[in-house]
Amino acid sequence: MKRRQFLAVLPAAALAAAGCVDSRSHSHAVYMLVDTSGTYAQEAGKAQVIINYLLGSLQPGDSLAVARVQSRSFSEKDIVAKATFDSRPSQENAQKRAFRERIENSFRAVSGSRYTDITGGLIQGAEFLNETGAGSKTIIIFSDMQEELDKVTQRDFPISLKGVRVVAVNVVKLKTDNIDPRKYMGRLEAWQKRVETAGAREWRVINNLDRLDAILARG
Amino acid sequence: MSSQAWMVWPDNFAVSFLVVAVLAMAFMYAARWPMHGLLRSVGHAVGGPLRMGARWLLAAAAEVQARNKAVLLAHGKHEVGQRVEREFERLGVIVQRELQGYPALQRKLLDEITRIEEDYKKCGEVPPPPPEWTEAVAAVANVKTGGNELVLRVLEEIKRSITSIHDKTLADYRRAYERRHKILESFMPFWRSVDKNLVQVEQNMARLQANVRTVDAHMAIYEQINEGTDKAQHALTVSGFTQFATSLLVMCVAAGGAFINFKLIALPMSEMVGAGDYITNSLRTSEVAALVIIFVEASMGLFLLEALRITHLFPRIANLNDRLRTRMLWIALTLLVILAGVEAALALMRDMLISDKQALLQSLSTVQAAAHDGWMSSIPTAGQMLLGFILPFALAFIAIPLESVIHSGRTVGGVFVLALLRSLAFVLRVLGSLARQMSRVLIKLYDVVIVVPLMAERMWKGSRSERPSKLDVDVDLERTHA
């Protein structure tokens, strides 16, 4: 905290004494979808780097959930680990250590799955984020954004992502994208349109993993 | 409406303009006196209230100045009075301590002088004169022996006796002198004692004189304040400003200390009140809690200094009886010590939390942590704990500059309010004058616009009368200056 903030504490203390406490939630909830389908499963190491970054950046009271997109239809059991960090810093550190161990164990032997139900993950993620009651909600999609569903699974209906930031990370190009780059651009545009139509606060694509600070930009 | 609507002959701008100008001039000439009156009235209507406001502000400034002077002199009188009182107390202590021993000192000095006198008298005793028979010896010495053996033997015997007597007498004489020298030597300690006592007396007197001079100086200031002279007021104002600036500087330093203190306990406070609650968008409850702790410490320090009668911000505490005041002093001191202990513990906790967080971040990162020396790393921890314990006591002394800021702030604030009132009065006065001058300028401009009919009027009047038609202008000038 800078000196200016320290000086800002003085009137704030008076406000607090007068009962004018900010009742809004200032916590941050992050839901990370990790695509482990097909060849993208090789990128799981990068996903761990992002999770570690999140563990280092999230504050006491914040929530984090990590889910794997691997099944035909996304469900609760695809969530690998989830936690709302304790408001006491000492407990929070212990929780983060346990979370990290759980993630390491889950991602130790990742095999490529057949399906990629990103829409199902988004629906589940939005539900989780809304349940936390956090003031700032972010869904991170670690995927090539190529949704692969079976014939019986229906996902072409409107979804609600109201107030949620959606960040697509490490969106690698597929073989077909290299042949025709318009496919890659078109895929991203289609997702942006879908997410924005769903009421998302922001849509962002981050392919440079050195700029992870943009993931948790609080607004 | 078209921009050419005013044109009498739409195709001819010059003629249209001329016709309109002539018509306007004629109308303006006809309305000259009412327009002059209107402009003058507007000038007065705007300038009058502004002048009135300026006068009111000046009156208020005079009142504030009188009140400031009264407050300043009363405060100065109180301060100097206290200082004189303290000087008298000091003087009383010196007089009591030094002068109460004067009868004994005088007796001692008299005894020593008497002893010296007696010894001196002893030194003055002369040895007994040589026996009178020396003359007889001289006569015998002149006796002619004539080679008589008997006479020679007698003379030899006499010489031997005289020589032995001479030796004895000389020895007695030397012994007597030796005794006197010893007496004189024994004077020395008494002389030294007398000299030392007299030097002590001189020093005491000089100190007393210096204190009396200080009291005189304070009394002179007190008299000046009592008379309410401008010099005293100026001196007190300058002193107030100096005090205010100095106290403010000290308070800034104390604020720096409070900031360090805040940094030490803000993080560990989140272990107690939680880190998830926010007061504002970026301000956590734990930070406010840390600030409250610091405020409580400062308050305890304030009560401690009040109970010690070092500061006088709460007359109720100063007026408590000694027993209650002592109790209060001990309570404040105990709470301060407890809070200092809590802060030291929190500082230790902060260090542990940061270490834990660092360890977590290191485990999350791909780069391994560098090995560090065990005892070296414990120095900052010990330093933090020490700071956490000392800073509350250091903050306790903030009460002294705070009191000074409050007292001198009234003087400084009064001077600034006075300057503000006077500046506002000046601005209002200038604006009022400007409004009236503007009305005069507009009247003149009005006459410039209708200069042609005015010249025609003057020529017409000139032809009817030989007297110059200057009267109108003079009257006008007089009116505008009214």
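Reader: Where in chain A does Ser27(A) lie?

Author: In this predicted model, Ser27(A) lies in the loop between helix H1 (3-17) and strand E1 of chain A.

Reader: Why does Ser27(A) count as buried?

Author: Buried means under 20% relative accessible area, and Ser27(A), at 15% relative accessibility, therefore counts as buried. Leaving aside its neighbours within four places in sequence, Ser27(A) is in contact with Gly61(A), Asp62(A), Ala134(A), Gly135(A) and Ser136(A). The C-alpha atoms of Ser27(A) and Ser63(A) are separated by 7.8 Å, although these two residues are 36 residues apart along the chain.

Reader: What is the bridge partner of Ser63(A) in E3(A)?

Author: Ser63(A) has Thr84(A) as its bridge partner in E3(A). The strands concerned are E2 (residues 63-69) and E3 of chain A, which pair in the antiparallel sense over 5 bridges.

Reader: How do you know that E2(A) and E3(A) count as paired, and over how many bridges do they pair?

Author: Two strands pair if there are at least two bridges between them, and E2(A) and E3(A) have 5 bridges, so the requirement is met.

Reader: In what order do the strands of the sheet in chain A stand, and what makes E3 and E6 its edges?

Author: The open sheet has 6 strands in the order E3-E2-E1-E4-E5-E6, with mixed pairing. Strand E3 (79-84) and strand E6 (202-206) of chain A each have a single partner strand, so one side of each is left without a neighbour in the sheet. On average, and with direction ignored, neighbouring strands of this sheet are turned by 15° against each other.

Reader: Which helices lie against these strands?

Author: Helix H4 (residues 118-132) of chain A packs on the sheet, where it touches strands E1 (28-35), E2, E3, E4 (136-142) and E5 (164-169), and its direction makes about 160° with that of E1(A). Helix H6 (residues 181-197) of chain A lies across E5 and E6, running at about 150° to E6(A).

Reader: Is Thr116(A), in the loop between helix H3 (89-106) and H4 of chain A, buried or exposed?

Author: With under 20% as the limit for buried, Thr116(A) counts as buried because its relative accessibility is 0%. Apart from neighbours within four places in sequence, Thr116(A) is in contact with Asp35(A), Ser37(A), Val69(A), Gln146(A), Glu147(A), Glu148(A) and Leu149(A).

Reader: How many helices and strands do the two chains have?

Author: Chain A has 6 helices and 6 strands, whereas chain B has 13 helices and 0 strands. Of the 219 residues of chain A, 49% count as buried, and of the 482 residues of chain B, 29% do.

Reader: Why are H7(B) and H9(B) called roughly parallel or roughly antiparallel to each other?

Author: Helix H7 (residues 285-307) and helix H9 (residues 322-364) of chain B pack at an angle of about 150°, with their axes 8 Å apart. Angles over 145 degrees count as roughly antiparallel, and H7(B) and H9(B) are therefore roughly antiparallel to each other. The crossing of H7(B) past H9(B) is left-handed.

Reader: Which residues make the contact between H7(B) and H9(B), and of what class are they?

Author: Among them are Ile293(B), Met300(B) and Phe303(B) of H7(B), together with Arg325(B), Leu336(B) and Glu343(B) of H9(B). By class, the contact has 14 nonpolar, 1 polar and 3 charged residues.

How values were computed: Residues are numbered from 1 along each chain as its sequence is written. Chains are lettered from A and ligands numbered from 1 in the order in which they are written. This is a predicted model: local features need pLDDT of at least 70, side-chain atom pairs count only at pLDDT 80 or more; totals for chains, interfaces and linings use all residues. Side-chain values use heavy atoms; hydrogens and water are left out. Helices (H or I, at least four residues) and strands (E, at least two) are DSSP runs, numbered from the N terminus. Axes are lines fitted to C-alpha atoms, for helices over the stretch in contact, and angles run from 0 to 180 degrees between N-to-C directions. Contact means heavy atoms within 4.5 Å. Buried means under 20% relative accessible area, exposed over 50%, partly exposed in between (1.4 Å probe, protein chains only). Angles under 35 degrees count as roughly parallel, over 145 as roughly antiparallel, 65 to 115 as roughly perpendicular and the rest as oblique. A crossing is left-handed if the near helix is turned anticlockwise from the far one by less than a right angle, and right-handed if clockwise. Ala, Val, Leu, Ile, Met, Phe, Trp, Tyr, Cys and Pro count as nonpolar, Asp, Glu, Lys and Arg as charged, and the others, Gly among them, as polar.
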